[in-house]
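Visitor: I should like to learn how to read a model with several chains. Could you show me the structure and take me through it?

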Protein chains: 4
Amino acid sequence: MIVAMQDHAAEEHIQAVIERMVELGFNVHRTTGTNQTILAGVGTPGHFDVAEFGVLPGVYEAYRISSPYKLAGKSFRPEGTQIRFANGVVVGGNQVILMAGPCSVESREQILASAKLAKRAGAQFLRGGAFKPRSSPYSFQGMGLDGLKLLREVSDETGLLVITEVMEISQIELMLPYIDTFQVGARNMQNFNLLRELGHVRKPVLLKRGIAATIEEVLLSAEYILSGGNYELMLCERGIRTFETYTRNTMDISAIPVLKKLTHLPVFGDPSHGVGRRDLVPPMALASVAAGADGLLMEMHPNPDKALSDGAQSLFPEQLEKLVAQLRLLAPVVGRSVA
Amino acid sequence: MIVAMQDHAAEEHIQAVIERMVELGFNVHRTTGTNQTILAGVGTPGHFDVAEFGVLPGVYEAYRISSPYKLAGKSFRPEGTQIRFANGVVVGGNQVILMAGPCSVESREQILASAKLAKRAGAQFLRGGAFKPRSSPYSFQGMGLDGLKLLREVSDETGLLVITEVMEISQIELMLPYIDTFQVGARNMQNFNLLRELGHVRKPVLLKRGIAATIEEVLLSAEYILSGGNYELMLCERGIRTFETYTRNTMDISAIPVLKKLTHLPVFGDPSHGVGRRDLVPPMALASVAAGADGLLMEMHPNPDKALSDGAQSLFPEQLEKLVAQLRLLAPVVGRSVA
Amino acid sequence: MIVAMQDHAAEEHIQAVIERMVELGFNVHRTTGTNQTILAGVGTPGHFDVAEFGVLPGVYEAYRISSPYKLAGKSFRPEGTQIRFANGVVVGGNQVILMAGPCSVESREQILASAKLAKRAGAQFLRGGAFKPRSSPYSFQGMGLDGLKLLREVSDETGLLVITEVMEISQIELMLPYIDTFQVGARNMQNFNLLRELGHVRKPVLLKRGIAATIEEVLLSAEYILSGGNYELMLCERGIRTFETYTRNTMDISAIPVLKKLTHLPVFGDPSHGVGRRDLVPPMALASVAAGADGLLMEMHPNPDKALSDGAQSLFPEQLEKLVAQLRLLAPVVGRSVA
Amino acid sequence: MIVAMQDHAAEEHIQAVIERMVELGFNVHRTTGTNQTILAGVGTPGHFDVAEFGVLPGVYEAYRISSPYKLAGKSFRPEGTQIRFANGVVVGGNQVILMAGPCSVESREQILASAKLAKRAGAQFLRGGAFKPRSSPYSFQGMGLDGLKLLREVSDETGLLVITEVMEISQIELMLPYIDTFQVGARNMQNFNLLRELGHVRKPVLLKRGIAATIEEVLLSAEYILSGGNYELMLCERGIRTFETYTRNTMDISAIPVLKKLTHLPVFGDPSHGVGRRDLVPPMALASVAAGADGLLMEMHPNPDKALSDGAQSLFPEQLEKLVAQLRLLAPVVGRSVA
């Protein structure tokens, strides 16, 4: 930690800051300039809050100078994390992974058709929600356990892996037999109890960035899961909330290369939630892969106009096929491939 | 719902929109202008998503023209909601209610001292976290059940009511015997399963606005709790995330009069989280009451420099006393009182 | 400046950073910890960009540790700036100053009626735009020089001071004979050429915060004016752009106490632009003064429903009168008065 | 315009709204539902402010249902705008156009080296600032007229076109002889007087999006220039301000396909300002073209570590060459080419 004092700060204020730093376990190095004194705290005290120093008398500003996350940092595993699934699919390798499917599981017919279409288009994963967090209590809330069973059934039939959202701790056990990857939605990115439990599970997790979460906060949430011992973790950019209202969210494409630089974890893009309109999904999917994404999460529905949720952002099946054809051409430009 | 077509939209596109509106259960009134056709959907179909229309061919824009929440709306209870507690305290009445205490319960000594200081300053509620959601897995995580027991004990001793945060469904039962009001934190504002359960509890709830939540989303979350049958609900503005970094969040004081206009529920301000620095808490507390708040939630610690969490935003006890003295003078200006 | 190196940074990278710091004119103090090296740059080189260091190899992060503004800082004039006008009005003193009037000057009748109503309500300044920056080229653009003459005429008649917006350098000369204070609008807060010119004028300036400007950027813009020699400067919070759409902007009330802490310049609040709806102006005006504002800028129109611009946020004359009555009661709570 | 009344609004309030609509020149169509009345205003009155209706008694919400811009809209020129330069370069055609060069013109040597490097890498335009708007009055402010002359000289020598920023009306005349395209910076996007003047000039303009500007506001600013008769206009996304601090701004890549959909004007991406760090410029440049950009604006400096401004975001010459090689492979994926 560094504490920069105000110009000509009183010596008693400087001493009070030093005292508090020492109390927390820092070794303090003092640099006295003509106008300003700087205190560098060296060492690694367990618990401290840098904001506490910002309000002490005579302090100009206090800076934490080391990363608050360790296991999620690039230096922990510089070669990058790869996640291998039973059927041979590898996330985090050369291949860009595609996850596609409807927002919600609505019926056997709908999800089977979705699986076949996703498979044909080239996807490795079928996505689809069984438990739906909806902002209105009067909206469709998902099929629950029946939805999970359908996801497993049609995925086995088509040779796909299943990713679906977990919304609370009590669902983890219930979901384990039916799924291949837990998805943590944007609204739960800081549900720390849920993250801690997922750290103890032996099943991959895809963690989505919250709509108001900084990149550092995404990595702190990742740290919760990693620190529990679960290293099969993927991150996903899916749009942040800004003042722009034309798109549902503003997809922060730059978060993809930033995360690739800061962490060893695979990074996905979710253009469907990122923009919320199907006409914008193909350009944003292409942009995600051009910027270095390890995979894409995309909503596709056999009949989007009849979807019970998120129809506006679901691709038509033929749009997905056309998009994947473009992705196959684009991926080699950045040294990757699409199956 | 209103659908405004693009200028000179093709008749087939207009017909396709009308068909879909009728299918959803709307009666459609068509207004054909020289350039533009407008379709007004009258009626109250259960489930529909206005965004679905925005991506249909030929549509300029689609508007939901009625409030998506009903029970939370002002017209449901124009006289306003009052919540009466066993000891005679009334929230939502003429009196501005004060809730004060530390971020976390740390020890019997600390929480008893806090209770005495809060009481002496004029508070009706003691606040303090027993379960702490922390963004780093390496920070202090709260005392849990022991914390709840201490809260109850010292509150009974001092004649205060207890408000503390519930973080997940499994804690509800555990907390019921010890507390007077459940607090739902900003990170859980859209934890809809938790909200639904709190709708079935017979105990007041204070719901905090999420850092990226619009005012409409706050009211939709309130609707979840109200629709379960729990009408003893308070809302709380505690800062939103913006580009400004000097303050921890940007406290949206205008949300207070907006909510007072849109809903019958009591509205609190939480200046401690709103700004995150104790030197700014008094002016923002005064501003909240000047803008119409029914109460305040404030962090105060007997010894903020030694607090295990949020020390930087906790008031010194003497600051709280001085602030309450000012609030007593200010409240009458807006037709209220402070005990 | 402080440069924190990454853990175990290569010695050659550390040396490269030191070399660059020395080249810029810093004396460098090195603190070598077990894992991390910290370089403190002491001294005051003229031109440097802290971001340049953030992208050097081996650097974790670089921090500017002194305020980038000098003349605007509190320590430059700890007692605070007071601006005295010919008619005895003092801005920045004990009295809270009121500036009121329509968005635009529309006609002699309208502006005279406005002046009389503003005066009767207790205002010291008449505001009103002669040159209007409008986001659509098809909207009313203001009366120009004729508007300026009318402002002067009716203000002299009623004993008010005139504040009006300057939009470009060429208008300064034109405006000088007719006005008492130049207003720099939010959109021009970073029009640095305009600011520099206003630094050379001997007439007070009120500088509004831009909708995307941080508090630090407001103070850097203030520095432009001050560094030209014009110390009669007031700042004004008028709302920032956030994701919330119910209000036109989100008025950052906390900016008022933050600015009062960081600078010696008087700080105003403009609730009309801050929220954009007249029903919210009174609570936000009260909140501004409760939070420490030195004055208020408020839109009022003799007949808001017929206003050529910003009618929705203009107070009715009787609303203004009632509000000022409340302000007179509130100001003493924070040690101030309203005339 | 549509005005949706509140449920069970009083007939007198409905009549007052109708009266005001008629007064503005609308034909009003009324739809009376069981609960709610909807008023559709048909016609095209010149000046009206939809916000005015939002605050009338009994109104739930008022919606402008037609685009506030006309000349900038796609339907005005569905085939898209192409801008042809004397040397045969066409902006808005199949070819993706590259504009590269330093932030500021610093010396003859520096700008000549830049021009040669830009040319060799494949750029069509040399960029470089002669007048610099800097947020601190103590930073380098540009070479002015001498800079313009140098730009022209080295561009003629290397066969490049010149784009440089105009900051105020008085510079237009001065710049005309030396440049090929005026750049309007983000801070001037709503400097409406400047935009109006540029509408009367016979020279192309590139208009950058402001950091807090919505896409609609960009198009309204474009309308200012177009309505003056200058149709040689390009738009440019260069990052918006959000809560994320790792990057200087958040580059809104989705604005590129949105603008391509809404307008006929060519759309550029500026990844240098979009992210502010050179290591992120290549992925964001690739993403921009993948998302449909007609061109790129990129900062490159012969020696970025010695740049007088924006060194941190300037590419090394070899980075630019490598990037252009990738762009040549990527462009055909989206049906485009790079020279």
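Visitor: What turn and what shift along the axis lay chain C on chain B?

Guide: To relate two copies, one superposes them by least squares on the C-alpha atoms of residues with pLDDT of at least 70 in both. Here a turn of 180° and a shift of 0.0 Å along the axis lay chain C on chain B, with an RMSD of 0.0 Å. Please note that the model is predicted: local features need pLDDT of at least 70, side-chain atom pairs count only at pLDDT 80 or more, and totals for chains, interfaces and linings use all residues. Residues are numbered from 1 along each chain as its sequence is written, while chains are lettered from A and ligands numbered from 1 in the order in which they are written.

Visitor: Which residue of chain C comes closest to that rotation axis?

Guide: That residue is Ala287(C), whose C-alpha lies 2.0 Å from the axis.

Visitor: How many residues does each chain bring to the contact between chain C and chain B?

Guide: Two terms are required. Residues are in contact if their C-beta atoms, placed from the backbone, lie within 7 Å. Helices (H or I, at least four residues) and strands (E, at least two) are DSSP runs, numbered from the N terminus. In this case chain C and chain B each contribute 33 residues to the contact. On the side of chain C that touches chain B, helix 8 (255-262), helix 10 (281-290) and helix 11 (317-330) of chain C each supply at least two residues. Helix 10 of chain C gives the most to that side, with five residues.

Visitor: How do the residues on that side of chain C divide into nonpolar, polar and charged?

Guide: They comprise 21 nonpolar, eight polar and four charged residues. In this scheme Ala, Val, Leu, Ile, Met, Phe, Trp, Tyr, Cys and Pro are nonpolar, Asp, Glu, Lys and Arg are charged, and the others, Gly among them, are polar. Because 100% of the interface residues of chain C are also interface residues in chain B, the copies meet through the same surface.

Visitor: Which residues of helix 11 of chain C are buried?

Guide: The general idea is that an α-helix has 3.6 residues a turn, so residues three or four places apart point the same way. A residue is buried if 20 or more other C-beta atoms lie within 10 Å of its own, exposed if 12 or fewer, and partly exposed in between, with C-beta atoms placed from the backbone. The expected span of a helix is 1.5 Å times one less than its number of residues. For helix 11 of chain C, with 14 residues, the expected span is 20 Å, and the end C-alpha atoms are 20 Å apart, which agrees. Its buried residues are Pro317(C), Leu320(C), Leu323(C), Val324(C), Leu327(C) and Leu330(C). Seen down the helix axis, they fall within an arc of 130° (the arc of the directions from the axis to the C-beta atoms), so they line one face of helix 11 of chain C.

Visitor: What rotation superposes chain D on chain B?

Guide: A rotation of 180° does so, with 0.0 Å of shift along its axis and an RMSD of 0.0 Å. This is the relation of a two-fold axis. In chain D, Phe243(D) has the C-alpha nearest the axis, 2.1 Å from it. Both copies use the same surface, for 100% of the contact residues of chain D recur in chain B.

Visitor: How many residues of chain D are in contact with chain B, and which elements give two or more of them?

Guide: In this contact 20 residues of chain D meet 20 residues of chain B. Strand 1 (2-5), strand 2 (27-32), strand 3 (37-42) and strand 4 (59-63) of chain D each give two or more residues to the side of chain D. That side divides into nine nonpolar, eight polar and three charged residues.

Visitor: Into which domains is chain A divided?

Guide: Domain bounds come from an automatic or database domain assignment. Chain A is divided into domain 1 (2-63) and domain 2 (74-338), and the C-alpha centres of these domains of chain A lie 44 Å apart. Chain A has 11 helices and 15 strands, and buried residues make up 59% of its 339 residues.

Visitor: Is Gly147(C) buried or exposed?

Guide: Gly147(C) lies in helix 4 (residues 145-158) of chain C. It counts as buried because it has 22 C-beta neighbours inside 10 Å. By contrast, Gly92(D) is partly exposed, with 19 other C-beta atoms within 10 Å. Gly92(D) lies in the loop between strand 6 (90-91) and strand 7 (95-101) of chain D.
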